[in-house]
Amino acid sequence: MTDQGGRVEPVTDSPGPADAPDGVGARGGAEPLGGRWTRGGAKATGGAETYGEGETFLGTDADGPVGAVAQVARAVLYEGYMLWPYRASALKNSRRWTLGGVHPAACEATGDASTMRTQVLVEADPGDTVDVRVYFLHALTLDVGRLAGDELVPVRELTVAGRRHLAREEAVERRIVATGLNLAGLLRRPVVVDIDIPEGREVEWLAEPGGQCVGAVTRGWRALRGQVEIRAERLTKVSSCGIFRLTIEVRNTTEWDGGSRTEALRRTFASAHTILHSPRGRFVSLMDPPEPLRSYARECDNTGTWPVLAGDEGDRHTVLSSPIILYDHPRIAPESPGDLFDATEIDQLLTLGVLCLTEEEQREIRDGDPRAREILDRCVSLPPEHLMRLHGALREFRPLTGQGAGRE
């Protein structure tokens, strides 16, 4: 608990990804989330949870105040996670976790930031509260081994009981939550939430139908350490309310002496972004602030992230701060049947590309990352009428005004 009247979700031991180690849901200050949009001072320790295959923050947040932006947040989280042709062997998928990384401090020598900062303006009373959620991906390695006597010999792939297991990288979703933070309390001193996820691994033994053990899949993850600091300052007074500047800093303090990019990314908060919600306060658009607040909006210092108003058009209670530049009130196109991890590309083009893959390419996808397998299954089973919906849509009609109006 915090002395501002807020709440930080408790430490929990939660399930990891499907067939994942119990330890993935490690004790700490992180709780694991789980494009196609149209314009439109005080210290506490949070809880660690991990969402794996078939589970996302989209489901856990859908009924709460963040539900309106959960789909967009998930699209942001997985942007670039794996690109067409969705095979791990494709060159473009050999360099992953390229967006929104909050890296260990040792990476600053190569220009990779260890801090992400969000600054926004909120019109509120000192007694109003704010909820803060930080989301990111934590990279996992999946190593495959063939049993030779009492030894596991590393191999790139192993087929057991008719199923092929491939060595690869995946990720689990983590979330840090601090809710009910009183603005008056944040003025006195900041709230700091520790992130502490120990290193761990789990071995999943593979057996033939007769029960003979022939190998194993080992899932491993590196330790993550860091902090989320939340603070506020009062700027001015507008009518009966005040204008506050909220600052949320996500810092990666994981100890690491340096090395390869691959090892760095295993210690990175990948695709990190923040969602802010105030039940009574109203956030100010930094893209189009009202004239009296333009100077304050220009002074907001956002590092590695771009905050926009989120939720329904006209709603000012929620902000999505992501590493991707969006308009205020982004939303998922209703024609889109699901994630493709590439919001800058055309859904129809990507879907047709998947359908053109060879049987061997599709087999590699099915035997690899379960999220890529989900894309393949969805594209293959998409009815023709749904595919035609991806061809295009008219969003709105506007009356023709000025010269030329009224012409046939």
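**A walk from an unusual loop to the largest pocket**

Tyr 86 sits in the loop between α2 and β4, and that loop is a good place to start on this predicted model. The backbone at Tyr 86 has a positive phi of about 65 degrees, even though Tyr 86 is not a glycine. Most residues other than glycine have a negative phi, and most peptide bonds are trans. Both parts of that rule get broken around here: the peptide bond between Trp 84 and Pro 85 is cis, with omega at about 15 degrees. Pro 85, too, belongs to the loop between α2 (67-77) and β4 (115-124). Is Tyr 86 buried or exposed? Tyr 86 has a relative accessible area of 2%, so with the buried cut-off at under 20% it counts as buried.

Stay in the loop between α2 and β4 a bit longer, since Asn 93 lies there as well. Its relative accessible area is 6%, under the 20% limit, so Asn 93 is buried. Which residues does Asn 93 touch once its neighbours within four places in sequence are left aside? The contacts of Asn 93 are Met 82, Leu 83, Tyr 86, Arg 87 and Ala 88. So much for the contacts; as for C-alpha spacing, Asn 93 and Gly 80 are 8.9 Å apart in space and 13 residues apart in sequence.

Now step back into helix α2, where you'll find Ala 70. Ala 70 is buried because its relative accessibility is 3%, and buried means under 20%. Along the chain, 240 residues separate Ala 70 from Ala 310, yet their C-alpha atoms are 9.8 Å apart.

Ala 88, one of the contacts of Asn 93, also leads us to the largest pocket. The pocket holds about 720 Å³ of space. Its lining takes in 30 residues, and those nearest the centre are Ala 88, Arg 156, Ala 167, Arg 168 and Glu 169. Which elements give two or more residues to this lining? They are the strands β5 (129-148), β8 (163-166) and β9 (168-182), plus the helices α4 (261-265) and α7 (359-366). If you're thinking about chemistry, the lining splits by class into 13 charged, 11 nonpolar and six polar residues.

Take β8 next, one of the elements in that lining. Just ahead of this strand, in the loop between β7 (157-160) and β8, is Ala 161. Here's another backbone oddity: Ala 161 isn't a glycine, but its phi is positive, at about 55 degrees. Within strand β8 itself you'll find Arg 163. Arg 163 has a relative accessible area of 46%, which falls between the 20% and 50% limits, so it counts as partly exposed. The C-alpha atoms of Arg 163 and Asp 367 are 7.6 Å apart, with the two positions 204 residues apart in sequence.

Helix α7, which also gives residues to the pocket lining, has Gln 362, Glu 364 and Ile 365 as its buried residues. Why do they end up on the same side of α7? They cover an arc of only 155 degrees around the axis, so they share one side of the helix. As for partners, the buried residues of α7 pack against β8, α6 (347-355) and α8 (370-380).

Helix α6 is worth a look from its own end. Its buried residues are Asp 347, Gln 348, Leu 350, Thr 351, Gly 353 and Val 354, and they pack against α7, α8 and α9 (384-389).

Two cysteines are worth checking while you're in this part of the chain. Cys 356 is exposed because its relative accessibility is 66%, over the 50% cut-off. Cys 379, by contrast, is buried, because 5% is under 20%. How many disulfides are there? The count comes to zero.

One last stop: α4, another contributor to the pocket lining. In the loop between β14 (241-252) and α4 sits Asp 257. Asp 257 has a relative accessibility of 82%, so it lands over the 50% cut-off and counts as exposed. Its C-alpha atom is separated by 6.4 Å from that of Ala 106, although the two residues are 151 residues apart along the chain.

Notes. Residues are numbered from 1 along each chain as its sequence is written. This is a predicted model: local features need pLDDT of at least 70, side-chain atom pairs count only at pLDDT 80 or more; totals for chains, interfaces and linings use all residues. Side-chain values use heavy atoms; hydrogens and water are left out. On a 1 Å grid over the protein atoms alone, a cavity is a set of points where a 1.4 Å probe fits but cannot get out, and a pocket is an open set with protein on both sides within 12 Å along at least five of seven lines; lining residues have an atom within 4 Å of a point. Grid points are joined across faces, edges and corners, and a volume is the space filled by probe spheres set on the points. Helices (H or I, at least four residues) and strands (E, at least two) are DSSP runs, numbered from the N terminus. Ala, Val, Leu, Ile, Met, Phe, Trp, Tyr, Cys and Pro count as nonpolar, Asp, Glu, Lys and Arg as charged, and the others, Gly among them, as polar. A disulfide is a pair of cysteine sulfur atoms within 2.5 Å. Buried means under 20% relative accessible area, exposed over 50%, partly exposed in between (1.4 Å probe, protein chains only). The arc is that of the directions from the helix axis to the C-beta atoms. Contact means heavy atoms within 4.5 Å.
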